[in-house]
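Trainee: I have a model open and would like to learn how to read its helices and cores. Where do we begin?

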Amino acid sequence: IADADTGFGGPANVARTVQKYIQAGIAACHIEDQVQTKRCGHLMGKQVVSREEFLQRIRAAVIARDSIPGGSDFVIIGRTDSAQVLGMEEAVTRLKLAADAGADVCFIEGVKTSKLLTETVAALAPKPVLVNVISGGLTPSFTCQEAEALGAKIISECRRAALRTRVTD
């Protein structure tokens with residue numbers, strides 16, 4: 001799974017990024033709704049683009065993936081950093097719209113409690129949800145097992161100098 005940040009520009013850049021990632025053999029990428037010159041998802045002071053601009057990024061990624069001759073099983077992950085800026089309700093709405101636009105997985109950044117993670121997973125079902133756990137970050141330091149028990153299907157964790165990603169069934 002590769003971080004595609006904001007897609008590195010407008011829809012054409014997002015499409016090019018996805019095509020190049022696929023050519024490089026990457027299995028999935030996440031594309032987010034922050035403005036360019038973004039901040040780490042666990043820092044305060046982020047700014048996000050409009051819903052429509054975010055959805056343009058997701059649509060461009062999906063179209064690029066789907067236009068690969070012979071097809072592609074590349075996974076598009078819609079990521080929102082809007083929870084801290086606009087609230088959890090808006091974050092869930094953005095992810096529902098991203099799923100409707102073709103995102104295969106929903107990535108909620110900065111979930112502050114286990115209750116919020118459980119509610120988010122339920123609201124986005126049946127789409128799988130990715131949660132990112134960073135030591136000292138906004139999201140509690142869930143273990144992979146704890147995040148899985150709360151319903152997350154992909155858990156990315158960065159503890160000290162190690163980065164691990166776990167995908168559950």
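**Helix H5 and the cores**

Mentor: Begin with packing: the buried residues of helix H5 rest against helix H4 (88-100), strand E4 (105-108) and strand E5 (129-134). Helices (H or I, at least four residues) and strands (E, at least two) are DSSP runs, numbered from the N terminus. This is a predicted model, in which local features need pLDDT of at least 70, side-chain atom pairs count only at pLDDT 80 or more, and totals for chains, interfaces and linings use all residues. Residues are numbered from 1 along each chain as its sequence is written, and side-chain values use heavy atoms, with hydrogens and water left out.

Trainee: Which residues of helix H5 are buried?

Mentor: Buried means under 20% relative accessible area, exposed over 50%, partly exposed in between (1.4 Å probe, protein chains only). In H5 (residues 114-124), Leu117, Thr120, Val121 and Leu124 are buried.

Trainee: Why are they on the same side of H5?

Mentor: An α-helix has 3.6 residues a turn, so residues three or four places apart point the same way. Here the buried residues cover an arc of only 100 degrees around the axis, which puts them on the same side of H5; the arc is that of the directions from the helix axis to the C-beta atoms. Exposed Lys115 and Ala122 are on the face turned away from the buried side.

Trainee: Where is Arg51, and what does Arg51 contact beyond its neighbours within four places in sequence?

Mentor: Arg51 is in helix H2. Contact means heavy atoms within 4.5 Å, and the partners of Arg51 beyond those neighbours are Glu90, Thr93, Arg94 and Leu97. At 37% relative accessibility, Arg51 is partly exposed.
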